[in-house]
Amino acid sequence: MENLFRLVNHEDFLSRRCIWVNGPVIVGAGPSGLATAACLRDQGVPFVMLERAECIASLWQKRTYDRLNLHLPKQFCQLPKLQFPEDFPEYPTKRQFIQYLESYAEKFEINPRFNECVQSARYDETSGLWRVKTASSAGSTKTEFEYICRWLVVATGENAERVMPDIEGLADFGGEVIHACDYKSGEKYKGKKVLVVGCGNSGMELSLDLSNHNASPSMVVRSSVHVLPREILGKSTFELATLMMKWLPLWLVDKILLILAWFILGNTESYGLKRPSMGPLALKNTMGKTPVLDIGALKKIRSGHINVVPGIKRISCGQAELINGEKLDIDAIVLATGYRSNVPSWLQESEFFSENGFPKAPFPHGWKGNAGLYAVGFTRRGLSGASSDAMRIAQDIGKVWKEETKQQKKRTTACHRRCISQF
Ligand SMILES: Cc1cc2nc3c(=O)[nH]c(=O)nc-3n(C[C@H](O)[C@H](O)[C@H](O)COP(=O)(O)OP(=O)(O)OC[C@H]3O[C@@H](n4cnc5c(N)ncnc54)[C@H](O)[C@@H]3O)c2cc1C
Ligand SMILES: NC(=O)C1=CN([C@@H]2O[C@H](COP(=O)(O)OP(=O)(O)OC[C@H]3O[C@@H](n4cnc5c(N)ncnc54)[C@H](OP(=O)(O)O)[C@@H]3O)[C@@H](O)[C@H]2O)C=CC1
Ligand SMILES: O=C(O)C(=O)Cc1c[nH]c2ccccc12
């Protein structure tokens, strides 16, 4: 299977290698990929993990702001087979979560192949195998690898790429324009007028952080948003919702959540935060739109420290014109306009995944496709959804793996194929 050759292109080297993988290839070393790898390890199944960044959990390490905390209680965010340390608070910090993931990778001996971005993956009907191509560059040497495997686990996440909105005049703004994933802290915006585009959890939390650093944020709410208190009577709203879902239909849980939110937060519509017609959990499950779990932004909106504004008509030099005709002078723009999956850009398959890069089958059926294809972490249910996918996938592959290794042992045939997967 090994074919290795080099093309010399002036001072750059391009080498191409083809590698047979004994076990599944996992694409992505975020929490979903790590959880799957740990469960496979438990089943004794070897694997290869490919990661485009140079570290695990790149979303958490490189594309989130300093003050970020998990916003669901810790018991809903830990991965299979390893609990958070006892001394972690109810809502662990980003640093703590990363530390946990590092120790998770170490405990389960997960060593991804870093700096390898999957460019394409396709199922070869003739051989019944997946062909996964990556491009990696180290120094002046560019290497293209092709992995051949029986199972492909897609773990590239719901937030693989930033969504950049097409706003008229944005190129003429003249000041700093960044996406929320490049925002670290409000420190450098002290005294500045910042337009935050978007009012999901990112828009709300960045506006809060800006305000805490004495900047003046204006947050754009172009349509609607559900804001819920993070806690109700000292209990996490998410936990409460999960408990209620055991006994009550979703529409009723949504109604109860909205009544409780009204008692605790008041009428949020009066601050320009129109509520969607669909309930918060129904909206999360069907459209993937996460309700905002308020950690203090609402108080800042009430006190006028965060200015809520309607949609943008156009941007010009140092100014934003809103759809109500109002003109705002601004120094910087933060685009908290969300993320999307990148699966359609590299996976040549259209039966299991839909055009939006999510599995077509709704939760809990979207983890297994045909011909050894799996998806982990596309449930729109955060880390707990990823854990549940990971356990199912490992069990499914583990079953076949064990049967086949048993048969192989019986036949005692030697395997001469070159294998790079971890044991
Ligand atoms: C700011 C923020 C906060 C969140 N907080 C919570 C929370 O508190 N609780 C909760 O349950 N959920 C939360 N979520 C949801 C979030 O989706 C999960 O926390 C989690 O990171 C998802 O893990 P994942 O492994 O599926 O995706 P990711 O963490 O995005 O990992 C995917 C990995 O795949 C890699 N990759 C992508 N494309 C390729 C490619 N072509 N080739 C190779 N590698 C590739 C990426 O570099 C990345 O490392 C949050 C999300 C965000 C954005
Ligand atoms: N502490 C935590 O745990 C945090 C968790 N997260 C999670 O990360 C994920 C992503 O969240 P987030 O980054 O907020 O993304 P979301 O997709 O949740 O929100 C995107 C926002 O941008 C708005 N938007 C998009 N395009 C435009 C435009 N052209 N003009 C105006 N507004 C626009 C959307 O409005 P519209 O609805 O009208 O399309 C929406 O309000 C979520 O699951 C979230 O829960 C994020 C931050 C912190
Ligand atoms: O924070 C996120 O992005 C999550 O996906 C966590 C999450 C899963 N289900 C929810 C329901 C309400 C609020 C947050 C979540």
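**Exercise 1. Determine how many residues surround ligand 1, and describe its polar contacts and its cover.**

Solution. Step 1: In this predicted model, 27 residues surround ligand 1, where a residue counts if one of its heavy atoms lies within 4 Å of the molecule. The closest are Ser 32, Glu 51, Ser 58, Trp 60 and Leu 383.

The model is predicted, and local features need pLDDT of at least 70, side-chain atom pairs count only at pLDDT 80 or more, and totals for chains, interfaces and linings use all residues. Residues are numbered from 1 along each chain as its sequence is written, chains are lettered from A and ligands numbered from 1 in the order in which they are written, and side-chain values use heavy atoms, with hydrogens and water left out.

Step 2: Consider the polar contacts (pairs of N or O atoms within 3.5 Å; within protein, one must be able to donate a hydrogen and the other to accept it, and residues adjacent in sequence count only if both atoms are side-chain atoms). An oxygen atom of ligand 1 is 2.6 Å from an N or O atom in the side chain of Ser 32. Another such pair, at 2.9 Å, joins an oxygen atom of ligand 1 to an N or O atom in the side chain of Asn 159. On the backbone, a polar atom of Val 118 is 2.9 Å from a nitrogen atom of ligand 1.

Step 3: Taken alone, ligand 1 exposes 990 Å², and the protein buries 92% of that; these areas come from the Shrake-Rupley method with a 1.4 Å probe, and for residues only the protein chains shown count as cover.

Step 4: At least two residues of the shell come from each of α1 (31-43), α2 (58-62), β5 (116-124) and α10 (382-411). Helices (H or I, at least four residues) and strands (E, at least two) are DSSP runs, numbered from the N terminus. By class, the shell has 13 nonpolar, 11 polar and three charged residues. In this scheme Ala, Val, Leu, Ile, Met, Phe, Trp, Tyr, Cys and Pro count as nonpolar, Asp, Glu, Lys and Arg as charged, and the others, Gly among them, as polar.

**Exercise 2. Explain why ligand 2 is said to lie between domain 1 and domain 2, and describe its surroundings.**

Solution. Step 1: Of the 19 residues around ligand 2, Ser 202, Arg 222, Ser 223, Lys 289 and Thr 290 come nearest. The largest share of this shell, three residues, comes from α4.

Step 2: Domain 1 (17-160 + 341-414) and domain 2 (163-339) both give residues to the shell, so ligand 2 lies between them. The domain bounds come from an automatic or database domain assignment.

Step 3: A polar side-chain atom of Lys 289 lies 2.6 Å from an oxygen atom of ligand 2, and one of Glu 205 lies 3.1 Å from a nitrogen atom of the ligand. A polar backbone atom of Ala 336 is 3.2 Å from an oxygen atom of ligand 2. Of the 920 Å² that ligand 2 exposes when taken alone, the protein buries 78%.

Step 4: The shell comprises six nonpolar, 10 polar and three charged residues.

**Exercise 3. Identify the residues around ligand 3 and state where the ligand lies with respect to the domains.**

Solution. Step 1: The surrounding residues are His 71, Leu 72, Phe 238, Lys 284, Thr 290, Pro 291, Leu 293, Arg 381 and Gly 382. Four of them are nonpolar, three polar and two charged.

Step 2: Polar side-chain atoms of His 71 and Lys 284 lie, respectively, 2.5 Å and 2.9 Å from an oxygen atom of ligand 3. A polar backbone atom of Gly 382 is 3.5 Å from an oxygen atom of the ligand. Taken alone, ligand 3 exposes 360 Å², of which the protein buries 80%.

Step 3: Ligand 3 lies between domain 1 and domain 2, because both give residues to its shell.

**Exercise 4. Establish whether Asn 201 is buried or exposed, and describe its contacts.**

Solution. Step 1: Asn 201 belongs to helix α4 (residues 201-212). With a relative accessible area of 15%, Asn 201 is buried (buried means under 20%, exposed over 50%, partly exposed in between; 1.4 Å probe, protein chains only).

Step 2: The side chain of Asn 201 reaches two backbone atoms: the oxygen of Pro 291 at 3.1 Å and the nitrogen of Leu 293 at 3.1 Å.

Step 3: Not counting residues up to four places away in sequence, Asn 201 touches His 71, Thr 290, Pro 291, Val 292 and Leu 293; contact means heavy atoms within 4.5 Å.
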